[in-house]
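Please look over the sequence and the model shown here before reading the report. The text moves from the whole chain to individual elements and residues.

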Amino acid sequence: MVHPRTAAPERTIIEQPGTDPTRHATLGPSQALDRAVELAARGPAHGPNPRVGCVITDASGLVLGEGWHQGAGTPHAEPAALSDAETRGNDVSGATAYVTLEPCSHTGRTGPCTDALTNAGISTVRYAVEDPNPEAAGGGQVLRDRGIDAVFAPHAGAAELNARWLASIGIGRPYVIAKWAATLDGRTAAVDGTSVWITGDEAREHAHSVRAEVDAIVVGTGTVLTDNPSLSARVDGSEVGHQPLRVVMGLRDTSGRKVWRDDNAVAMGTHDPAEVLAELHDREARVALIEGGAAITTAFLSAGLVDEIHAYIAPAILGAGTSAVGDLGISTMHGALRGQDVSTRQLGADTLVIAHVAKGI
């Protein structure tokens with residue numbers, strides 16, 4: 001599986017001074033897919049749909065139109081690119097569409113992209129990732145059956161951009177990120193219960209940027225009762241446009257706390273992580289962020305339901321206090337949970353460690 005990265009790979013942007021960047025650009029096939037990935041990255045990382053970009057070129061590679069999906073309920077990338085071509089006054093008959101994801105062949109909030117491409121007279125389609133969603137998959141074959149030259153053209157950047165979404169579709173539940181902030185000795189709170197602030201401003205700002213990209217934040221009733229968190233995504237102290245669903249897991253009463261300030265919150269009266277993820281899956285949440293406390297984090301890890309770990313490590317030592325993770329029933333180093341594709345990032349005085357949980361452990 002392609003794992004998500006902390007940042008998308010750099011792409012070459014073709015600029016024409018004083019004009020639309022691609023209005024007079026000529027692109028080869030690989031460049032066109034690069035551009036489609038660049039466009040896809042403009043779409044929201046959150047929500048039930050993947051990030052998709054589309055570039056339409058003529059036989060010489062001249063860009064006729066381009067577009068990207070801007071979120072659930074808005075036009076998909078292919079119709080957006082067709083509309084852009086029409087706005088530019090370009091005829092797309094016989095043109096090639098480069099798309100980061102296999103065109104859908106079903107009717108959801110919008111119509112099938114296969115129909116839009118067919119009706120527009122597109123003759124060639126190159127798609128970078130095959131759609132794993134059983135409801136939408138098969139668009140390539142639909143196009144081929146209609147006489148359109150539709151070919152799967154793998155592109156690592158396209159797969160990486162939607163890695164979490166692809167994983168969620170594949171496993172049939174939200175992709176789960178477990179996040180905590182801890183001292184060098186793994187403590188998330190001091191003996192007296194204080195935990196604000198373990199990390200500095202840069203680490204907290206990064207954590208908020210992650211919140212802005214997920215669909216749900218899950219915490220336990222203990223965290224709500226002890227810390228009374230807002231669980232909002234903020235930039236420079238102000239809430240951003242997208243706010244993830246706030247999920248409180250557990251049996252204790254937490255009424256009157258900040259998480260219940262509006263209807264973008266839900267109580268799940270269970271200690272079973274699988275039940276929580278099943279409910280979130282039904283709500284079309286693709287990425288869930290587990291923010292604790294230790295009991296909730298431990299429960300998800302014990303159940304094998306964590307895909308990625310974000311550990312913000314502060315250069316501080318307490319020697320006692322609450323541990324980031326509780327007893328997992330592991331008695332030997334041989335049985336230790338180990339990450340793969342590990343990366344680190346310096347955030348002021350703190351260090352972010354991102355580890356993807358290895359399969360089969």
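The report below covers the overall fold, one aromatic pair, two helices and some backbone details.

This is a predicted model, in which local features need pLDDT of at least 70 and side-chain atom pairs count only at pLDDT 80 or more, whereas totals for chains, interfaces and linings use all residues. Residues are numbered from 1 along each chain as its sequence is written, and side-chain values use heavy atoms, with hydrogens and water left out.

**Overall fold**

The protein chain has 10 helices and 17 strands, where helices (H or I, at least four residues) and strands (E, at least two) are DSSP runs numbered from the N terminus. Its C-alpha trace spans about 70 × 45 × 40 Å along the principal axes. The radius of gyration of the chain is 23 Å, which agrees with the value near 21 Å for a compact globule of 361 residues; this radius is taken over C-alpha atoms, and the globule rule is 2.2 Å times the number of residues to the power 0.38.

Of the 361 residues, 47% are buried, a term that means under 20% relative accessible area, with exposed over 50% and partly exposed in between (1.4 Å probe, protein chains only). Among contacts with a separation of 6 or more, 70% come from residues 24 or more positions apart, a contact being heavy atoms within 4.5 Å.

**The aromatic pair**

The count comes to 1 aromatic pair, under a rule by which rings of Phe, Tyr and Trp (its six-membered ring) pair if their centres lie within 6.5 Å, and planes under 30 degrees apart count as stacked, over 60 as edge-to-face and the rest as tilted. Y127 and F152 form this stacked pair, at 6.1 Å centre to centre and with 25 degrees between the planes. Because Y127 lies in strand β4 (residues 124–127) and F152 in strand β5 (residues 149–152), the pair ties together parts that are 25 residues apart in sequence. Y127 counts as buried at 2% relative accessibility, while F152 is partly exposed with a relative accessible area of 33%.

**Helices α6 and α10**

In helix α6, 7 of the 9 residues are buried, so the helix is largely enclosed by the rest of the structure. These buried residues are A163, R164, W165, L166, A167, S168 and I169, and they pack against α5 (156–161), β6, β13 and β14. A167, at 8% relative accessibility, counts as buried, and its C-alpha atom is separated by 8.9 Å from that of R286, 119 residues apart along the chain.

Helix α10 (residues 294–302) has I296, T297, T298, F300 and L301 as its buried residues. Their packing partners are β6 (175–183), β8 (216–220), β11 (245–249), α9 (273–282), β13 (287–292) and β14 (308–314).

**Backbone details**

The peptide bond from G292 to G293 is cis, with omega near 5 degrees, and G293 is placed in the loop between β13 and α10. Positive phi values are listed below.

| Residue | Phi | Place |
|---|---|---|
| G172 | about 70 degrees | just after α6 |
| G304 | near 70 degrees | follows α10 |
| L231 | near 55 degrees | loop between α8 (221–227) and β9 (234–235) |
| D341 | near 50 degrees | strand β16 (residues 339–347) |

L231, a residue other than glycine, counts as buried at 3% relative accessibility. D341, also a residue other than glycine, is partly exposed, with a relative accessible area of 30%.
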